[in-house]
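Work through the exercises below with the sequence and the model side by side, and try each task before reading its solution.

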Amino acid sequence: QHPGSALLVSHGFQSDYEAGFANGVARNGVKVTLIASNQTLLDRLHPAIDVLNLRGSQDAKRPPWRKAVNLLYYVLRLLSFMAVRRPVTHLTGLFLFSASTASWAEKSWAWECRCLRLLSRKLVLTVHNVLPHDRDTPALRKSLLAAYQVPDCLVVHTARARQRLANEFGID
C-alpha cells in the first residue's frame, strides 16, 4: 500500500463535506480511498480518488428492515476490507450511528472506534462538534470521552474546539 495513503470513512452524513474533504486530502498528495454511498458526489471528486461504494443506498424512505440489512452488509464489507488492507483510516465525521439515532448509539461509539483502530495502521477522527448540537449529558460525555481516547489523532476545525477537547475531556 502507498505510504501516503488513507481510507476515508464518512458514513455518508454530508455529501458536500465528504467530497470537499476527500478532494483536499488528494490534492495534498495522499492516495485516497473513499468509502462511498449512492449519495456520494462522484462527479465532484478528484480523479485520483479511488471510490468504493460499500454503503449503497442511503434512501431515507427505505423500510426499517432494509436499512438494517444495508447497515449490516456495510459494516461487514468495511471491516473485511480493513482487515485485508490495514489502512490508515480517517473517520471524517460522526460515527456509524449518529447521536440522533438512539441513546444506545452513544454506547456504540467507543466500540466502533476500538474495532476500527484494531483494523487500522492508524486511526484519525475528525471532531466537528465536541458535543453533538444541543446535547450535553453526563452519559454522553462519558461515551465521547471513551471514543475520543481511542484514535491516534483527533482533528478539529477550530482552536476553540481544540481547547474544549483539552479543557472538558482532558485530550491533547
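Two strands count as paired if DSSP finds at least two bridges between them. With that in mind, Val9 stands opposite Ile35 in β2, and the exercises build outward from this kind of pairing. The model is a predicted one.

**Exercise 1. Take stock of the chain: how many helices and strands are there, and in what order do the elements run?**

Solution. Begin with the count, which gives five helices and six strands in the protein chain. Next, read from the N terminus, where the elements follow one another as β-α-β-β-α-β-α-β-α-β-α. Then turn to burial and surface: 45% of the 172 residues count as buried, while the chain exposes about 9,400 Å², of which carbon and sulfur atoms supply 57%. Finally, consider the contacts between residues at least 6 apart in sequence, of which 64% join residues at least 24 apart.

**Exercise 2. Describe the sheet: what is the order of its strands, and which strands stand at the edges?**

Solution. The six strands form an open sheet with parallel pairing, in the order β3-β2-β1-β4-β5-β6. At the edges stand β3 (50-53) and β6 (153-156), and because each has a single partner strand, one side of each is left without a neighbour in the sheet. On average, neighbouring strands of this sheet are turned by 20° against each other, when direction is ignored.

**Exercise 3. Follow strand β2: with which strand does it pair over four bridges, which strand is joined to it by five, and how many of its six residues are buried?**

Solution. On one hand, β2 (residues 31-36) pairs with β3 in the parallel sense over four bridges. On the other, five bridges join β1 to β2, and these two strands also run parallel. Individual residues can now be placed: Leu34 stands opposite Val51 in β3, and Ile35 stands opposite Leu52 in β3, while Ile35 is also the residue in β2 that Val9 stands opposite. As for burial, five of the six residues of β2 are buried, so this strand is largely enclosed by the rest of the structure. One helix that lies across β2 is α2, which also lies across β1 (5-9), β3 and β4 and runs at about 170° to β1.

**Exercise 4. Find the nonpolar cores: which residues of the largest one touch the most other members, and which element gives the most to it?**

Solution. A general tendency helps here: in soluble globular proteins, nonpolar side chains tend to be buried together. The largest nonpolar core has 29 residues, and those that touch the most other members are Leu78, Tyr148, Leu165 and Phe169. The elements that give two or more residues to this core are β1, α2, α3 (103-118), β5 (122-127), α4 (138-148) and α5 (159-169), and α2 gives the most, with five residues. Apart from this core lies another, of eleven residues, among them Ala6, Ala26, Leu34 and Ile49.

**Exercise 5. Examine Ile49: where is it found, and is it buried or exposed?**

Solution. Ile49 is found in the loop between β2 and β3. Its relative accessibility is 8%, and since buried means under 20%, Ile49 counts as buried. In space, the C-alpha atoms of Ile49 and Val32 are 5.1 Å apart, although the two residues are 17 residues apart in sequence. Leaving aside neighbours within four places in sequence, Ile49 is in contact with Ala22, Asn23, Ala26, Val32 and Leu34.

**Exercise 6. Compare two loop residues, Arg86 and Ser120: where is each found, and what is the relative accessible area of each?**

Solution. Arg86 is found in the loop between α2 (64-85) and β4 (88-91), whereas Ser120 is found in the loop between α3 and β5. Arg86 is partly exposed, with a relative accessible area of 35%, while Ser120 is buried, with a relative accessible area of 1%. The backbone of Arg86 deserves attention too: most residues other than glycine have a negative phi. Arg86, however, has a positive phi of about 50° although it is not a glycine. For Ser120, the side chain reaches the backbone oxygen of Leu116 at 2.6 Å. The last step links the two residues: not counting residues up to four places away in sequence, Ser120 touches Met82, Arg86, Pro87 and Thr89.

Notes:
Residues are numbered from 1 along each chain as its sequence is written. This is a predicted model: local features need pLDDT of at least 70, side-chain atom pairs count only at pLDDT 80 or more; totals for chains, interfaces and linings use all residues. Side-chain values use heavy atoms; hydrogens and water are left out. Buried means under 20% relative accessible area, exposed over 50%, partly exposed in between (1.4 Å probe, protein chains only). Contact means heavy atoms within 4.5 Å. Accessible areas come from the Shrake-Rupley method with a 1.4 Å probe; for residues, only the protein chains shown count as cover. Axes are lines fitted to C-alpha atoms, for helices over the stretch in contact, and angles run from 0 to 180 degrees between N-to-C directions. A nonpolar core is a set of buried Ala, Val, Leu, Ile, Met, Phe, Trp, Tyr and Cys residues joined through side-chain atoms within 4.5 Å. A polar contact is a pair of N or O atoms within 3.5 Å; within protein, one must be able to donate a hydrogen and the other to accept it, and residues adjacent in sequence count only if both atoms are side-chain atoms.
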